Amino acid sequence: MNRNQVRPQRRHATPSRIERVRRQAVPKPRVIIALLLLLGLVSVMLLDGYLRAEVGNDQRVRSDASASKVPDSVLDGGPFLSFQGGTARTRSVPDKTIVLTFDDGPDPEWTQKVLDILDDNDVPGTFFLVGSMISRYPDVVRRMVDDGNEVGVHTFTHVDLSYQSAARVTREIAQTQLALAGAAGITTTLFRAPYSSTNDAIDNYSWPVYKKLGAMGYTSVFIDTDSEDWQQPGVSKIIKWATPKSGKGASVLFHDAGGNRAQTLEALPRYIKKMKAKGYTFTTVSGAQQQAQGQQAQGQQAQAPQGTPATAGDTRQSNPEQAAHRTADTATLWEGRALLGAVAVAEWTVPGLAAVLAVVGVAVLGRFAIMLVLARRHYRQRNRRRFSWGPSVTAPVSVIVPAYNEKECIANTLNSLAASTHPIEIVVVDDGSTDGTAEIAESLGLPNVRVIRQPNAGKPAALNNGVRHARYDIVVMMDGDTVFEPDTVQRLVQPFGDPGVGAVAGNAKVGNRSTVIGAWQHIEYVMGFNLDRRMYDLLRCMPTIPGAIGAFRRDAVLAVGGMSEDTLAEDTDITIALHRAGWRVVYAEHARAWTEAPASLGQLWRQRYRWSYGTMQALWKHRRSVTDRGPSGRFGRVGMPLVVLFQIVTPVFAPLIDVFTVYAMIFVDFKASLLAWLAVLLVQLVCAAYAFRLDRERYRYLLMLPLQQIAYRQLMYLVLIHSCVTAATGGRLRWQKLKRTGEVGSPAPGTGAR
């Protein structure tokens, strides 16, 4: 049994319903891989966005809120607020004592320099850390703790907790503790709320948050004096504002991140020396609390009756670090390390993708610029009065129409050919149709029409059979769902007046453009396909002759082995083969064909999936063309890199433009991101408008361009990504027949189907 006999049986075999359900129920591995990659990318982007969200962008919007629910003892108390048995209790910093506190870190530059200053002056600090920053710079935190400094929680995203739900409050604290455990192996009992200051700033909105945190065992830390270094007022003012009055102790606020801290770095060592000269000592929050507790115990002991024994609290001398820091348990430790690992992936991935985005953006804009310049040159060159391909081609040609179940379209196709102004013979190759296609073709009674029947063997086999039966030296190939204008064949074959031309690509148009999907494809055909072909024609490296309309020298086709069945893109395959055989392939923009584009998203997906995967197969098959020498190697030297860059690599990564646009709109700057996206859209609109002008198309279809960019382009990205995954996993895809309606009729002379 030969191959052609086996193939119909395999193609038309109808699986049982159980088999179909089973196939649909089990996802293909390449689909799973694609979905996992997409999920991973989205997760990484969301994590990175969450790490950067709201830091420095959130602010209080209320003022003069009531504090009627806050106890006076808290409003007028010391800066250290804790709860014992549900009762609020505050402590003050002992006289002549400074607690240096730093907010908003860690920062890889400023925090490291602050730590150097503290080390040089032999004083400790208490750092209130933002969890997202801990996750990104764990080494700085590790050094901070190893140097004997104290750390506290400053939320994960630097958000004002008084506006948040109880669940958000808990999550902000827990995530920061996880990050701290992963970075330094500890947790902490210290907390400072973002945008907090002195105790008297507590109001009825924030008080429930402090009560909740107190019940969880946290000590909330406020300040006595604020250096206001974030305003960058000058070094002298920073020192002045940070200095407590009358020898009082103070919890002093500085910042080690969140902006340019050059003034802080200059003021800090001078401030430390000044305060030491005044007799001040420096300690941490825990150290200050223990000193205050010790002074209180001494006062109680002095007032107690003689002979009263001291309590255990009177003589306890705890290490300040041990007072606030806790060794993280095993589960918390590993959860923290997992968090840091995920953040590390995001920290490497997102900048890497951003770099790729920059390259892709340059490539996309560069492609637009090249297309515009070369298309303009191509137009001027072809429309010169003196331009000629050579002697006019008037000899008859053979038009081959492969047909498989084309009963809806075949009559329109053949009637359009019958009106041709150029002498032709029409060879209809019926590829085992079961719907009466051959009978319809014969019943039309058109002159010069031959119908050749063959067992179903696929489109390449049908085309090869037609070439073998062709009577003339030039053969035109078209699809069974396509119609020609009366002068299409005449315009298409004129380039054969040049003996070096082996094939000619025509201008394929979308005939059913009245629907949204049809209008999207119409824009794509005019801008993406035909503008490209002008560029490739001028560069003499045309990658594809469209199956809907192309002409070939019969001897050239036979010499390269005919239409190959090795790939699903036989049109691309034969085009590259002709290049490699030394033939020139050109574009006849005035030879127009009207084809029926897929009318549903499902059909469109299947068609483009086959196109993109077939193109990859053809490029891989002819990969050795890059080493071909002489004129036959031009496609390998010029065309192959351009096709790989512009039709595979750039489109695969082009979704990053949209992904990062959405990312920037949500997490960075909505207005600026939207304007950038609109700028890119404007560039595309200019290119599309010029392409429409060259093809003399109506501009009204360009109103669909924004929606096409939002919806249609994303679909094409997914198709290409799916094809890449199929190619990478070694999957195979068979040629698939699309459902036709036959709505594209014969166009009027010179007007087409506008």
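Student: How much accessible surface does the protein chain have, and what share of that surface belongs to carbon and sulfur atoms?
Tutor: Keep in mind that this is a predicted model. The accessible surface of the protein chain comes to about 34000 Å². The share from carbon and sulfur atoms is 56%.

Student: What percentage of the residues is buried?
Tutor: Here the count runs over the 754 residues in the protein chain. Buried means under 20% relative accessible area. By that cut-off, the buried share is 53%.

Student: And how many helices and strands are there, and what share of the contacts joins residues at least 24 apart?
Tutor: The protein chain has 27 helices and 20 strands. For the contacts, take those between residues at least 6 apart in sequence. Of these, the share joining residues at least 24 apart is 82%.

Student: Let's look at the sheet of 8 strands. Which strands stand at its edges?
Tutor: The sheet is open, with mixed pairing and the order 15-14-13-16-19-18-20-17. Each edge strand has a single partner, so one side of it is left without a neighbour in the sheet. The edges are strand 15 (449-454) and strand 17 (482-484).

Student: What is the average twist from one strand to the next?
Tutor: Stay with the sheet of 8 strands, ordered 15-14-13-16-19-18-20-17. Going from one strand to the next, the twist averages 30°.

Student: Do strand 13 and strand 14 pair in the parallel or antiparallel sense, and which residue stands opposite Ala-403?
Tutor: Strand 13 covers residues 397-403 and strand 14 covers residues 424-431. They are joined over 7 bridges, and the sense is parallel. Opposite Ala-403, in strand 14, stands Asp-430.

Student: Which helix lies across strand 13, strand 14, strand 16 and strand 17, and which one touches strand 18, strand 19 and strand 20?
Tutor: The helix across strands 13, 14, 16 and 17 spans residues 410-418 and runs at about 15° to strand 17, and this is helix 16. The helix touching strand 18 (501-510), strand 19 (549-553) and strand 20 (584-595) spans residues 570-580, and its direction makes about 155° with that of strand 20. That one is helix 22.

Student: Over to strand 4. Which of its residues point the other way from Thr-126 and Phe-128?
Tutor: In a regular strand, side chains alternate between the two faces of the sheet. Strand 4 (residues 126-129) has Thr-126 and Phe-128 pointing one way, and the residues on both sides are all buried. Pointing the other way are Phe-127 and Leu-129.

Student: Which residue stands opposite Phe-128?
Tutor: Strand 3 (residues 97-105) runs parallel to strand 4, and 4 bridges join them. Opposite Phe-128 in strand 4 stands Asp-103.

Student: Is Arg-168 buried or exposed, and which side chains does it meet in polar contacts?
Tutor: Arg-168 sits in helix 8 (residues 166-184). Its relative accessible area is 13%, so Arg-168 is buried. Its side chain makes polar contacts at 3.4 Å with the side chain of Gln-164 and at 2.8 Å with that of Glu-172.

Student: How many salt bridges does the whole structure have, and how far apart in sequence are Asp-116 and Arg-143?
Tutor: A search of the whole structure finds 27 salt bridges. In one of them the side chains of Asp-116 and Arg-143 meet at 2.6 Å, N to O. Asp-116 is in helix 5 (residues 110-121) and Arg-143 in helix 7 (residues 138-146), which puts the pair 27 residues apart.

Student: Why does the Asp-479 and Lys-459 pair tie together separate parts of the sequence?
Tutor: Their side chains form a salt bridge at 2.7 Å, N to O. Asp-479 is buried at 18% relative accessible area, and Lys-459 counts as buried at 17%. Asp-479 lies in the loop between strand 16 and strand 17, whereas Lys-459 is in helix 18 (residues 459-469), so the parts tied together are 20 residues apart in sequence.

Student: Which residues are linked with Lys-509 in a network of salt bridges?
Tutor: Lys-509 forms a salt bridge with Asp-695, the closest N and O atoms being 2.8 Å apart. Lys-509 is in strand 18 and Asp-695 in the loop between helix 26 (670-694) and helix 27 (705-728), 186 residues apart. Lys-509 counts as buried at 1% relative accessibility, as does Asp-695 at 7%. Linked with Lys-509 in the network are Arg-513, Arg-534, Asp-695 and Glu-697.

Note on methods
Residues numbered from 1 in each chain as written. Predicted model: local features only at pLDDT ≥ 70, side-chain atom pairs only at ≥ 80, totals over all residues. Heavy atoms only, no water. Pairing = 2+ DSSP bridges. Helix = DSSP H or I, 4+ residues; strand = E, 2+ residues; numbered from the N terminus. Axes fitted to C-alpha atoms, helices over the stretch in contact; angles between N-to-C directions. Contact = heavy atoms within 4.5 Å. Buried < 20%, exposed > 50% of the residue type's maximum accessible area, 1.4 Å probe, protein only. Polar contact = N/O pair within 3.5 Å; in protein donor to acceptor, adjacent residues only side chain to side chain. Salt bridge = Lys/Arg side-chain N within 4 Å of Asp/Glu carboxyl O. Areas by Shrake-Rupley, 256 points an atom, 1.4 Å probe, with all protein chains shown as cover.
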